[in-house]
Amino acid sequence: MAKKRPQTKAGKQQLKDGEIPVVGAREPCPCGSGRRYKACHGRAAAQAVTELVHRPFEGLAGECDWVALRELVPAATVELTLKGGLPEGVPSVTLATVLPMAWPALRRDDGSVLLALQNDTSSGDLSRDLADTLQRALEVEPGTPVTARRVPADGPRLQDLLDPDAAFEPVVHSGFEFWVPDAENATPDVAASLERANAAAIPTVLLSGADAAYWCETPEKNHLRWVMPHPEEQLLDALARLHAAGTSSLGEDTRLVGSFRAHGLVVPVWDLPSSMGAEACEKPAVAFAERLATALASDAPLTAEERRARGGLTNRQVTLS
């Protein structure tokens, strides 16, 4: 005969749902049910961890730039402002696109914190993963990198830790020298990682006259990749109106070639001639933003030509995340 499952003693205090810690999947659930964690309170935790949050940066200042720095920009930093100010002994918190050795975060010798944005994450909520890494970086000893770990399903998100009223102002770098205060005296491992990263970085510039618009240089042609906050269907309609009217380009020999979909936002992409640098994009981008605003305000049904243009744009859309 199968053994009966031991019964929980009547006098044993039971943990409340909000107090259930995370344990190994095959270990007994801490609630005292007698079942394994994965078959008890671990079910909800596993679902929360794997459920994809399509717009993890929604509600943060600079959502479009968060997406750009996560998916498009090789080397950039942003000074972050925490709710309630910085903890004692932490002079600054800086978001970085990537860190040496693919560290999720690093607390420098002076106590300052660098938080990497482009690392792989363990759950479906990038905001929660980054918040967990940030919290741990604030608590480790100076001079310590933070490693990846499984994130608790009920942990805070970036929206809970960052000041929503603080400006989000990316600084785009030509290389990754911001990793270390003195690059010439870096350890061999960090120096090698720095050299590899600099060699692979695509020259990128943030336009000054358009929000979250990033020019980049590639061997064959240049590109403008512009993260936009508008709802996808409305934006695609507006781009189709401009494309059908022949006004979707940024000037001679430029072309709107499609878009990325990243973290719930759409990123239109233009091909540019190699001779067109970032500065030359400034005025055309401002003029395009004005045309786009007019197209977004229209609620007229799309014409047959506009529908064809929209279909072409949709067919050339690539999902990054």
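This passage describes a mixed sheet, a helix that lies across it, a pair of crossing helices and one loop residue in a predicted model.

The sheet is a convenient place to start. Six strands make up an open sheet with mixed pairing, and their order is S5-S3-S4-S2-S1-S6. Its edges are formed by strand S5 (144–146) and strand S6 (171–172), each of which pairs on one side only.

Within this sheet, strand S2 (residues 93–96) pairs with S1 and with S4. Strand S1 (residues 76–79) runs antiparallel to S2, and the two are joined over 3 bridges; here Glu79 is found opposite Thr94 of S2. Towards strand S4 (residues 113–116), S2 pairs in the parallel sense over 4 bridges, with Val93 standing opposite Val113 of S4. The side chains of S2 can be followed in turn: Val93 and Leu95 point one way, Thr94 and Ala96 point the other way, and all are buried.

Strand S4 also pairs with strand S3 (residues 105–107), this time in the antiparallel sense and over 3 bridges. Val113 appears here once again, as the bridge partner in S4 of Arg107. Val113 of S4 thus faces Val93 in one pairing and Arg107 in another. Helix H3 (residues 126–139) lies across S2, S3, S4 and S5, and runs at about 160° to S4.

Attention now turns to two helices. Helix H6 (residues 232–244) and helix H8 (residues 304–315) have axes that come within 8 Å of each other and cross at roughly 120°. H6 is therefore oblique to H8, and the crossing of the two is right-handed. On the H6 side, the contact is made by Glu233, Leu236, Asp237, Leu239, Ala240, Arg241, His243 and Ala244. H8 contributes Glu305, Glu306, Ala309, Arg310, Leu313 and Thr314. By residue type, this contact of H6 with H8 divides into 6 nonpolar, 2 polar and 6 charged residues.

The last site is a loop residue. Glu58 sits in the loop between helix H1 (42–50) and helix H2 (63–71). Its relative accessibility is 44%, so Glu58 counts as partly exposed, a class that lies between the cut-offs of 20% and 50%. When neighbours within four places in sequence are left aside, Glu58 is in contact with Glu63 and Gln159. A further relation links Glu58 to Leu265: the two are 207 residues apart in sequence, while their C-alpha atoms are 9.9 Å apart in space.

Conventions
Residues are numbered from 1 along each chain as its sequence is written. This is a predicted model: local features need pLDDT of at least 70, side-chain atom pairs count only at pLDDT 80 or more; totals for chains, interfaces and linings use all residues. Side-chain values use heavy atoms; hydrogens and water are left out. Axes are lines fitted to C-alpha atoms, for helices over the stretch in contact, and angles run from 0 to 180 degrees between N-to-C directions. Angles under 35 degrees count as roughly parallel, over 145 as roughly antiparallel, 65 to 115 as roughly perpendicular and the rest as oblique. A crossing is left-handed if the near helix is turned anticlockwise from the far one by less than a right angle, and right-handed if clockwise. Contact means heavy atoms within 4.5 Å. Ala, Val, Leu, Ile, Met, Phe, Trp, Tyr, Cys and Pro count as nonpolar, Asp, Glu, Lys and Arg as charged, and the others, Gly among them, as polar. Buried means under 20% relative accessible area, exposed over 50%, partly exposed in between (1.4 Å probe, protein chains only). Two strands pair if DSSP finds at least two bridges between them.
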